[in-house]
Amino acid sequence: DVLPVECLQHDDLIESTAGYKVRCVLPDHPAVKSMDWSAMPPLLGFNEVRIRSGSDSIVEIQHSGKWYPLFAGRTYGKGLVTCWMSGASPHWGINFMKWSSYGSFWSQVFQL
C-alpha cells in the first residue's frame, strides 16, 4: 500500500528491441527538474503498473499508443516513495545508462 503504483496480478513485462518513447509530465518535480527527457534514448522494456490514487505519474512510457507510468512518486508519512518501472542497468536500461542525465537523475531521486 506504500507504493505509488499498483502491481498487476499477471505477467506485466512489456519489452521490445525497438524501444519505447518516454515523456515527462511533471517537469518541475524535484527528481526530474532541469532534465531533457526528449533526449533520453529509448528504453527496451518496462513493467506495466497502474498509478495509485493520490500518487503522481512523473515520467511516462508509451506502448501501442497508450502511456503508462514509468517513474511515479507519492508522499507517505513524512517521506516520499518513488518507483522506477524499468531497468537502471544493462538489459532494459542499457540505453538509459548512456543518457547524459542518467547520473543527475539518480542523484536527484536519492536527494529527495
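In this predicted model, Phe105 is in contact with Ala31, Val32, Met35, Trp37, Phe71, Trp84, Phe96 and Trp99, when its neighbours within four places in sequence are left aside. Two of the residues on that list, Trp37 and Phe71, appear again when the largest nonpolar core is examined: this core has 27 residues, and Trp37, Leu70, Phe71 and Phe105 are the ones that touch the most other members. At least two residues of the core come from each of β2 (13-20), β4 (43-47), β6, β7 (66-76), β8 and α1 (102-110), and among the contributors β7 gives the most, with four residues.

From the core one can turn to the sheet. Four strands, in the order β3-β6-β7-β8, form an open sheet with antiparallel pairing. The edges are taken by β3 (22-24) and β8 (79-84), each of which has a single partner strand, so one side of each is left without a neighbour in the sheet. On average, and with direction ignored, neighbouring strands of this sheet are turned by 20° against each other. At the β3 edge, the pairing with strand β6 (residues 56-63) is antiparallel and runs over three bridges, and here Cys24 stands opposite Val59 in β6.

The strands β3 and β6 are also linked through their side chains, since Glu60 and Arg23 meet in a salt bridge with an N to O distance of 2.7 Å. Glu60 belongs to strand β6 and Arg23 to strand β3, and the pair links distant parts of the chain, 37 residues apart. Because its relative accessibility is 13%, and buried means under 20%, Glu60 counts as buried, whereas Arg23, at 34% relative accessibility, counts as partly exposed.

A search of the whole structure finds two salt bridges, and one of them joins the side chains of Arg52 and Glu6, at 3.9 Å from N to O. Arg52 lies in the loop between β5 (49-51) and β6, while Glu6 lies in strand β1 (residues 5-7), so this pair ties together parts of the chain that are 46 residues apart in sequence. In this pair Arg52 is the partner that counts as buried, at 18% relative accessibility, and Glu6 counts as partly exposed, at 37% relative accessibility.

Note on methods: Residues are numbered from 1 along each chain as its sequence is written. This is a predicted model: local features need pLDDT of at least 70, side-chain atom pairs count only at pLDDT 80 or more; totals for chains, interfaces and linings use all residues. Side-chain values use heavy atoms; hydrogens and water are left out. Two strands pair if DSSP finds at least two bridges between them. Axes are lines fitted to C-alpha atoms, for helices over the stretch in contact, and angles run from 0 to 180 degrees between N-to-C directions. A salt bridge is a side-chain nitrogen of Lys or Arg within 4 Å of a carboxyl oxygen of Asp or Glu. Buried means under 20% relative accessible area, exposed over 50%, partly exposed in between (1.4 Å probe, protein chains only). A nonpolar core is a set of buried Ala, Val, Leu, Ile, Met, Phe, Trp, Tyr and Cys residues joined through side-chain atoms within 4.5 Å. Contact means heavy atoms within 4.5 Å.
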